[in-house]
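Biologist: I'd like to learn how to read a protein structure, one feature at a time. Can we look at one together?

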Amino acid sequence: MEFHFNEVFEHMMKLHNLDTVILLGHINPDGDASGSVMGLSHYIDTVYPEYRAIPFLAGNLDKGPGKFVRSDQIFAPFSAPKEKNYGVIVCDTATKARIYGYEIYEKAEGSIVIDHHRSNEGYGEVNNTCRSEACCENIFHMLDWKRWLDAGKTSRSGDGIHPNAADYIYMGILHDTECFSRAKLRTFEAAAGLLKLGVDHNYAMGTMHTRTFEELKKVSQLYQMAECTDDGKTAYVVIDRHTADEKAISYEDIQPVSGCLRDCEDLEIGFTMFEEEPGAWRCSFRSDGKRINVNDLLTPFGGGGHAGSAGLRIRTDNIEKLKRQILELMAEMKDGRFISCT
């Protein structure tokens, strides 16, 4: 059934007699999460001046999307809201445990969940989960853009202010599809529609190109540290806290490495393991999503995401044991001995 955001949103606000809605994403927000939250916030700000939209994001969002968010002329989403009576919209977040601002969600009078993960657990007063390449793709298809354009003629979002709703939604699609390297017809229809709304592709691409020359040199070190396993089909980089401090390597430096490894012609899987603080590891896995579904691979360890792109945050004092367990499960999956429960 087609999901019409305006109808559902208006119903929630009127049913609970609300004038404020808080928009939330997941912990460690990426381009899709921040694009969804900020894009919908701008849309509501334009189309519904009678309601107050408050986006709330974690401050550790990825560097590229951060260029948009920190230049925003309407919203400052890094301060926790103090409102008492409000509704919530949760974007791009499969489980309640991954909501950034979970206590805000719990105290809301009404809730709408918009997601695209197969692993979504169906929470929320209204849950619209449609599997796709990006949550922002779903959001594009559910919004009344003509109404947004009409309202924009007299609203703040129509006064040349950027980034606006369309900019954010386009940016989110760019990031979650890795510049359309994973895209279907519906994805390109959304992108074309957003360009017709006035999005400047080059402006949004500025959030993809954020590396300095010095950062590029550090990334070259990371590739030199990569190791192969699985008969040369899997490559990975593990960076502990000592090495990270010694070589001044940040998560932003290592974040794209798994995808670049996966894209090598002779590799099927690329992954990284990075110790953000003593005992706290952040892992990124990429595959073609066919032979190995990395969402299924990481779900038993408390992680997840998509078939071709998934992550894991975990506390462990034995990263070698964790790596070995993941590689053993990967071997089971390749041999057909693993049965997915998702």
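Biologist: Which residue takes a positive phi in the hairpin of strand 8 and strand 9?

Modeller: Keep in mind that this is a predicted model. The residue you want is Gly279, with a positive phi near 85°. Two residues lie between the strands of that hairpin.

Biologist: How do strand 8 and strand 9 run, and how many bridges join them?

Modeller: Here's the general idea first. Strands of a sheet pair through backbone hydrogen bonds, and the pairing is either parallel or antiparallel. In this case, strand 8 and strand 9 (residues 280–287) are antiparallel, with eight bridges joining them. One place to look is Met273, whose bridge partner in strand 9 is Cys283.

Biologist: What about strand 7 and strand 8: parallel or antiparallel?

Modeller: Parallel, over six bridges, with strand 7 covering residues 234–239. Find Val238 and you'll see that its bridge partner in strand 8 is Met273. As for strand 8 (residues 269–277), seven of its nine residues are buried, so you can call it mostly covered.

Biologist: In what order do the six strands of that open sheet come?

Modeller: Read across the open sheet and you get 6-7-8-9-11-10, with mixed pairing. Strand 6 (227–229) and strand 10 (304–305) each have a single partner strand, so one side of each is left without a neighbour in the sheet. Strand 6 pairs with strand 7 in the antiparallel sense over three bridges, and Thr229 stands opposite Thr234 there.

Biologist: Which strands does helix 15 lie across?

Modeller: Helix 15 (residues 319–335) lies across strand 6, strand 7, strand 8, strand 9 and strand 11 (309–315). Compare directions and you'll find helix 15 running at about 155° to strand 8.

Biologist: Now the sheet of five strands: what is its order?

Modeller: That open sheet goes 2-1-3-4-5, and its pairing is parallel. Strand 2 (52–56) and strand 5 are the edge strands, each pairing on one side only. From one strand to the next, the twist averages 15°. For a single pair, take strand 1 (residues 20–24) and strand 3 (residues 87–91), which are parallel and share four bridges. Leu24 stands opposite Val90 in strand 3.

Helix 1 (residues 5–15) packs on this sheet and touches strand 1, strand 3, strand 4 and strand 5. Helix 5 (residues 135–142) packs on the sheet as well, touching strand 3, strand 4 and strand 5. Against the direction of strand 4, helix 1 makes about 160°, and helix 5 makes about 115°.

Biologist: At roughly what angle do the axes of helix 1 and helix 2 cross?

Modeller: Roughly 75°, and the axes come within 13 Å; helix 2 spans residues 31–47. Helix 1 and helix 2 are therefore roughly perpendicular to each other. Phe5, Asn6 and Phe9 of helix 1 make the contact with Leu40, Tyr43, Ile44 and Val47 of helix 2. Sorted by class, that contact has six nonpolar, one polar and no charged residues.

Biologist: Last one: is His116 buried or exposed?

Modeller: Buried means under 20% relative accessible area. His116 has 1%, so it counts as buried. You'll find His116 in the loop between strand 4 (110–115) and strand 5 (126–129). Its side chain makes polar contacts with the side chains of Asp92 (3.0 Å) and Asp176 (3.4 Å). Leaving aside neighbours within four places in sequence, His116 is in contact with several residues, including Asp32, Cys130, Asn138 and His306.

Technical notes
Residues are numbered from 1 along each chain as its sequence is written. This is a predicted model: local features need pLDDT of at least 70, side-chain atom pairs count only at pLDDT 80 or more; totals for chains, interfaces and linings use all residues. Side-chain values use heavy atoms; hydrogens and water are left out. Buried means under 20% relative accessible area, exposed over 50%, partly exposed in between (1.4 Å probe, protein chains only). A polar contact is a pair of N or O atoms within 3.5 Å; within protein, one must be able to donate a hydrogen and the other to accept it, and residues adjacent in sequence count only if both atoms are side-chain atoms. Contact means heavy atoms within 4.5 Å. Two strands pair if DSSP finds at least two bridges between them. Axes are lines fitted to C-alpha atoms, for helices over the stretch in contact, and angles run from 0 to 180 degrees between N-to-C directions. Angles under 35 degrees count as roughly parallel, over 145 as roughly antiparallel, 65 to 115 as roughly perpendicular and the rest as oblique. Ala, Val, Leu, Ile, Met, Phe, Trp, Tyr, Cys and Pro count as nonpolar, Asp, Glu, Lys and Arg as charged, and the others, Gly among them, as polar.
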